[in-house]
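The following paragraphs lead through one protein model. Please keep the sequence and the coordinates at hand while reading.

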Amino acid sequence: MTTIAEKPAADNTADRVRELREAKDDSVSRAEGWRRRGPLLPALIFMIVVTQIPFLFTLYYSTQSWNLVRPGSQAFVGLQNYVDVFQDSQFREVAVNTVILIVGTVLISVVLGLLLALLLDRAFLGRGIVRTLLITPFLVTPVAGALLWKTTMFDPVFGIVNFVLSPFGVGQVDWVSRFPLPAVMVNLIWQWTPFMMLLILAGLQSMPRDILEAARVDGAKPFAMFRELTLPHLRRFIELGAVLGAIYLINTFDAIYMMTQGGPGTASANLPFYIYQRAFLGFDIGQAAAMGVIVVIATIVVATLALRLIFKSFTGNEEAA
C-alpha cells in the first residue's frame with residue numbers, strides 16, 4: 001500500500017513530467033514557428049535595407065540646411081526645414097493639386113468601373129473579348145500611356161480628341177497646355193478604371209444569386225434591387241479599391257513628368273514631383289527631405305485609418321453572415 005508520505009512525492013513527479021512535456025511542446029512550437037518564418041527573413045531584410053534605412057537618412061537630412069550648389073553649406077537646423085515647408089505657399093498649392101488629382105481620379109474611376117462591371121456581369125455575345133479589351137489600359141506601362149495621351153490623343157494638330165470634337169466646333173485646342181491637371185487626370189482615369197472594374201466585378205460575382213431571385217419574385221424594380229442589395233454588398237469592394245488607388249496615386253510621378261513637367265508653373269505638379277524639383281532642380285536637400293517625411297507620415301496616417309475602416313467592414317460582414 002502507498003503511504004501518505006509517498007503521495008506528495010508522486011504528485012511532484014507527475015507535475016515535473018507535465019512541466020517537461022510543456023517545455024518540450026513550447027520548444028517544438030517555437031522551432032516550428034521559426035521554420036515557417038525563416039523563408040520570409042530575406043524579404044524582411046531586403047525591405048528594411050531598401051525602405052527603412054533610406055527613410056532614416058531622409059529624417060537626418062531633413063534636419064540639415066544643405067544646398068548642393070553651395071559646397072560646405074551643410075549645417076544642423078533642427079525643425080526649421082519643416083517650418084519653412086509649411087510656410088511655403090507653393091507647397092500648399094501643390095498639396096491641393098495632389099488632393100484634387102487623387103480624389104477626382106479615384107471617384108471617376110470607381111463610377112466608370114462600377115458601370116463597366118455591371119455591364120460585364122451580364123451575359124452577351126463577345127463578353128470575353130470586351131473584358132480583355134477593357135483590361136488592356138491597366139497593363140500598359142504608365143510612361144507609354146502618358147506619351148500616348150500626350151502625342152496621340154491630346155495633340156493640338158493631329159490629336160484624336162480634337163478630330164472627334166471638330167464637328168462640334170472645337171478647333172485646335174492644346175489640351176495639355178490649357179488644362180494640364182485635368183489632362184493628367186484623364187490619363188490616370190484611363191489606366192485605373194480597369195482595376196476598379198475588376199475589383200467590383202469580383203464583388204458582383206461573389207453576391208448570392210438567390211437573394212436577387214427572391215427580390216425579383218417579390219416584384220422589386222431593377223434600380224431598387226441595385227440600391228438596396230447590390231450597392232451595399234459592393235461597398236467594401238469599392239472602399240478597398242478607393243484606398244488602394246489613393247495609396248498608389250499619391251506617388252504619381254511618371255505621368256506628370258512625361259505630360260506636363262508640372263507646368264505651367266506648378267499648375268499640374270503634385271507632391272512627389274514638387275519634391276523632385278526641390279531636390280534635383282533646386283538642389284535643396286534639406287527642404288526636399290522634410291517634404292518627403294511630411295508626405296510619408298500623412299500617407300501612413302490616412303492609409304491606416306482607411307484600412308481599419310475597411311477591415312471592420314469585412315469583419316462585420318463575415319460575422320453577420
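In which helix is leucine 249 found? Leucine 249 belongs to helix H11, residues 222-249; helices here are DSSP runs of H or I with at least four residues, strands are runs of E with at least two, and both are numbered from the N terminus. The model is predicted, so local features need pLDDT of at least 70 and side-chain atom pairs count only at pLDDT 80 or more, while totals for chains, interfaces and linings use all residues. Residues are numbered from 1 along each chain as its sequence is written, and side-chain values use heavy atoms, with hydrogens and water left out.

Leucine 249 is buried, at a relative accessible area of 1%; buried means under 20%, exposed over 50%, and partly exposed in between, with a 1.4 Å probe and protein chains only. Its C-alpha atom is separated by 6.0 Å from that of isoleucine 102, although the two residues are 147 apart along the chain.

Helix H4 covers residues 89-120. Its 32 residues reach 46 Å from first to last C-alpha, close to the 46 Å expected, where the expected span is 1.5 Å times one less than the number of residues. At the N-terminal end of H4, aspartate 88 acts as a cap, with a side-chain oxygen 3.1 Å from the backbone nitrogen of glutamine 90.

The UniProt annotation "transmembrane region", from an unreviewed entry, covers several segments, including 132-149 and 237-259; such annotations may be inferred rather than shown by experiment. In the model, residues 132-149 are 89% helix and 0% strand, with end C-alpha atoms 20 Å apart. Residues 237-259 are 83% helix and 0% strand, and their end C-alpha atoms are 31 Å apart.

The loops around helix H13 show backbone features of note. Most residues other than glycine have a negative phi, and most peptide bonds are trans. In the loop between H12 (254-259) and H13 (271-281) lies proline 264, and the peptide bond leading to it from glycine 263 is cis, with omega near -10 degrees. Glutamine 261 is placed in the loop between H12 and H13 and has a positive phi, near 55 degrees; at 41% relative accessibility, glutamine 261 is partly exposed. Phenylalanine 283, in the loop between H13 and H14 (285-320), has a positive phi near 60 degrees and is partly exposed, with a relative accessible area of 31%.

How values were computed. Polar contact = N/O pair within 3.5 Å; in protein donor to acceptor, adjacent residues only side chain to side chain.
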